[in-house]
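Trainee: I would like to go through some of the labels used for this model and ask what stands behind each of them.

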Amino acid sequence: MTAIKHALQRDIFTPNDERLLSIVNVCKAGKKKRNCFLCATVTTERPVQVNVVKVKKSDKGDFYKRQTAWALRDLAVVDAKDAVKENPEFDLHFDKAYKWVASSTVEKNTFISCIWKLNQRYLRKKIDFINVSSQLLEESVPSGENQSVAGGDEEAVDEYQELNAREEQDIEIMMEGCEYAISNAEAFAEKLSRELQVLDGANIQSIMASEKQVNILMKLLDEALKEVDQIELKLSSYEEMLQSVKEQMDQISESNHLIHLSNTNNVKLLSEIEFLVNHMDLAKGHIKALQEGDLTSSRGIEACTNAADALLQCMNVALRPGHDMLHAVKQQQQRFSDLREQFARRLASHLNSVFVQQGHDQSSTLAQHSVELTLPNHHPFHRDLLRYAKLMEWLKNTDYGKYEGLTKNYMDYLSRLYEREIKDFFEVAKIKMTGTTREGKKFATLPRKESAVKQETESLHGSSGKLTGSTSSLNKLSVQSSGNRRSQSSSLLDMGNMSASDLDVADRTKFDKIFEQVLSELEPLCLAEQDFISKFFKLQQHQSISGTTTNEAEEMDGGTLSRLYASGVPQTISSEKDMIRQMMTKIFRCIEPELNNLIALGDKIDSFNSLYMLVKMSHHVWTAQNVDPASFLSTTLGNVLVTVKRNFDKCISNQMKQMDEVKISKKSKVGILPFVAEFEEFAALAESIFKNAERRGDLDKAYIKLIRAVFVSVEKVANESQKTPRDVVMMENFHHIFATLSRLKISCLEAEKKEAKQKYTDHLQSYVIYSLGQPLEKLNHFFEGVEARVAQGIREEEVSYQLAFNKQELRKVIKEYPGKEVKKGLDNLYKKVDKHLCEEENLLQVVWHSMQDEFIRQYKHFEGLIARCYPGSGITMEFTIQDILDYCSSIAQSH
């Protein structure tokens, strides 16, 4: 083993600046025996690093190689398996447990002992040594730099000790004083020996001098011991004298304790009597107020409230153990219970009468408020009832059954009252929206039935439910349906003696104002009622049913609540907001269906009304959610907003569907397509409606869908057009779309604006090239032949020697195109273009200018070929570029 240790030190650890301290031959437990070595090493450089290294013999030779290394600071547990019996197995726990079997128990113990010593010297880390003999774990030693690894075990560390820094410094100073130390070692050793003898002599003299001082110290210690003995004798005598005094004081203390105990019992008895008298005695004034107090006047209500609070305090007093067994206490408690039951019954009866009276009093004001499209104000009623708020809280805490009954009765009476008010209110709103109110005639009986309004609305707008009141809707996409639109518009014009566009604007503005007024009236009504319910029924500290879904909670009535509160105290409870929302849902159960009916009517009158409704409803939902996201108002408006959004999406889908079904006339030119103009009108209207709106994103999505549908439909119509060239249809309509998007500056349609401009430019160029064609056809054919010869390899200056392309042939062709003929051809071309283009887009001059540029380009091309292929011939065209400009200008002015 020693030979292997030296070999490993030389071959593996010395090159890495490490020293090998211990080695053990091991193999893995439970596997085929493939021996390896575990080595405990330290680095020679500071700070010292202690490692456990696994060394394995190479398969290709007799040399060893380093396989794995673990830092000793990562070692958590050393398990020797058995501290008594010899067992070669042991475990080392690093990042996981490694199980080993040593070749011998001695090697294992030596290795574990070395690990313990290294830990004591360098790490002082908490390593658990399990099942290790105590003999292997020596006492921890100081980790000084000049000490060995463990108590003189020099061989375990190495054959030498390292010098610490101070020792190295002293040796350097000594060797500097003896310059000959290296050259004459014997002289240096002799000098050191002499100095050592001098130091030994000085130490002996110092020891002898200190002996006298030691003798003096010992003498002083003897004298001190004698003094201590004397003090102990005095303390013993004092203790005997105090013992008798202690016995006498104990007798006096026992007598005083009995006297104090008697006084304490008397004080406690008096305190109990005073407690019962002070806390369970109700004043006669309070008893009278509870039995006969006036519940209609403010003073009487205040007296009853104070009496009820006093009664509650008496009933809720925390009795001490044994009080409830006293006969007088039982009688007083029964009296309090009777008073509570009597007053609770009287209070509940009075409040029920107030609820019933409220329903009858409000009915007289319904007609006036309905005509004015306003909802009655319940503030006076709330103000009167809030005087009973403290009594309701008392009733809630003392008799929850009656409190719950009042809650149910309030919901029943008020729900019927609000249902009448809200239905009347919505009936008037529908009548105002349809515009069928007759001047000079007031409502004799309100409200009219909803069916009557519905029938009247259908008679005005047709039973088919199609959009009839909006001349700017995208229903006008179909060219063939123009007759129907005219008849519908004329019927509406007869109603108001207004133009179609004025009727649209007036109807939409009126609808927007009415819808906003409806929402503005509903919001304060719901918020005021919710605030009142919270204050009157004292629900701030109360909570609602936790084990029900939202829909179940909304359908819950008083009977359901009573079953949940069978024990008299709420048990399955989660939050008071749910309770408020349940009551609000019961009271205002008609708001959501009425709103949905109103929205359906508005959508039927004009599908564009869905834009107004989406903006208004989104704003009110946003406002309600900022106040309370879980409130009844927020939830209800959120549900209605879903319906409005669905109508908006349906409106957009219908427009896209009608674009896809559009048909064009085969006998007239197309011009600007109706749905292109209608998209412009829709976008302008939408931008004015959705300015600074919360739901701008919905409009942007609709824009994308509509504009893509417009693009597809324009191309479809252009492909089907017979009277107007395809390029003209594409050019004019995409120019109109580009102009519209540029004017409106819709940020989400920037890509479509660029695409429209590109399509307009491409089809303008295509139309110009196609329509202009080859105005100098024979000359064009001649030069095509010239270019063909050049392409075959004939040099340009030699083309004139070709028989078919000589100078005489060129002059003949040029003579066929005098200026007069050219101008005549351009005039015919202008007339042709004028027939193709529509007046409303005004692109004639743009197209004509492009054709002029294209003609000049061809002219310059011909001149270039003449100059290159017929140099020095003096052949020129019979008209110049200036002549072309004059021809085009005069033709444009003449038309």
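**Labels and their grounds**

Mentor: Let us begin with a crossing: α28 passes α29 in a right-handed crossing. This is a predicted model, in which local features need pLDDT of at least 70, side-chain atom pairs count only at pLDDT 80 or more, and totals for chains, interfaces and linings use all residues. Residues are numbered from 1 along each chain as its sequence is written, and side-chain values use heavy atoms, with hydrogens and water left out.

Trainee: What makes the crossing of α28 and α29 right-handed?

Mentor: A crossing is right-handed if the near helix is turned clockwise from the far one by less than a right angle, and left-handed if anticlockwise. The axes of α28 (residues 819-836) and α29 (residues 844-869) cross at roughly 145 degrees and come within 11 Å, where axes are lines fitted to C-alpha atoms over the stretch in contact and angles run from 0 to 180 degrees between N-to-C directions.

Trainee: Why is α18 called largely enclosed?

Mentor: Because 10 of the 12 residues of α18 are buried (under 20% relative accessible area, with a 1.4 Å probe and protein chains only), α18 is largely enclosed by the rest of the structure. Among the buried residues are M579, I580 and R581.

Trainee: How do you know whether C304 is buried or exposed?

Mentor: The relative accessible area of C304 is 0%, so C304 is buried.

Trainee: And why is C748 called partly exposed?

Mentor: Its relative accessible area is 24%, and partly exposed lies between buried and exposed (over 50%), so C748 is partly exposed.

Note on methods
Helices (H or I, at least four residues) and strands (E, at least two) are DSSP runs, numbered from the N terminus.
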